[in-house]
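Okay, thanks everyone. Let me put this one up on the screen and walk you through it.

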Amino acid sequence: MLMSKFSKRSDATEIMDDWNEGGPAMDQTLHELDNVNRFLGGNAVSTNGLQKLLKDRPKDSSTYTIADLGCGSGDMLRRMAHWGRANNVSLLLTGVDANHNIVEFAREQSKALSEISYTVSDIFSPAFQARSFDILHCSLFTHHFDDDAFVKLLAQMKTQAKLGIIINDLHRHFLAYYAIKYITKAISRSDMVKHDAPVSVLRAFTKKEIVNLLQRAGITRFEINWCWAFRWQIVIYAD
């Protein structure tokens, strides 16, 4: 019975999937999620992926455009902005989220960093599909989609990303599930976090599932690495 709970991806709904969620409860949730990601080291998965994609590319004369899909609080964009400044890499960063309340929160948190901007958009809208970037990034975002929608997103991102794609998401595993369930129960003041965090793990992926989904999307140049704590780093290189 225990293993059957983790044998396939859950279709349970997360509260955050409601694009109209906002107010103090959402602000509290975003603050807590940022703290959990920092504590568990999950953000480094993305900046390491950024290093891989830009490893052999010029730094001084080029500005690289990066879009963060499902940007949430913008914490990852702020980390990338500081990484770019520290490594003499010019970045132009765009946060994309369908929830206008989240975008307003992210703008407020990021106003000291001029290289970051935000847009409220459905990523499957024709207007957004027409845009292109050097790099597309997703952190704790792709598990919100069922398999078919994820394949659709991957195929779309492949056409939009000039250099590559970075995906930072969860490994579905019983240790990850019970750890985050009891950690959030003990320290969180947000009902949304207590509900969504363990559901996120149940909606997440095994490596075999990720490979299958990438292949369905026609993606062949990629690497997948397991990172602490129960994260997958997927780096997709443009053809």
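So, start with strands β1, residues 63-69, and β4, residues 133-139: they run parallel and are joined by 4 bridges. If you want a residue pair to look for, A67 has L136 as its bridge partner in β4. And yes, this is a predicted model, so keep that in mind.

Now zoom out to the sheet. It's an open one with 7 strands, pairing is mixed, and the order reads β3-β2-β1-β4-β5-β7-β6. The edges are β3, residues 116-120, and β6; each has a single partner strand, so one side of each has no neighbour in the sheet. On average, neighbouring strands here are turned by 20° against each other, ignoring direction.

Next, the helices. α4, residues 100-110, lies across β2 (90-97) and β3, and runs at about 170° to β3. Then α6 packs on the sheet, where it touches β1, β4, β5 (161-170) and β7. The direction of α6 makes about 150° with that of β5.

Last stop is α9, residues 207-216. Which of its residues are buried? Those are E209, I210, L213 and L214. They sit on the same side of α9, because they cover an arc of only 130° around the axis. What's covering them? Among other things, α6 (147-160), β6 (222-227) and β7 (231-237). Flip to the face turned away from that buried side and you'll find K208 and Q215, both exposed. And after α9 comes G218, with a positive phi, near 80°.

Okay, that's my tour.

Definitions and conventions: Residues numbered from 1 in each chain as written. Predicted model: local features only at pLDDT ≥ 70, side-chain atom pairs only at ≥ 80, totals over all residues. Heavy atoms only, no water. Buried < 20%, exposed > 50% of the residue type's maximum accessible area, 1.4 Å probe, protein only. Helix = DSSP H or I, 4+ residues; strand = E, 2+ residues; numbered from the N terminus. Arc of directions from axis to C-beta. Contact = heavy atoms within 4.5 Å. Pairing = 2+ DSSP bridges. Axes fitted to C-alpha atoms, helices over the stretch in contact; angles between N-to-C directions.
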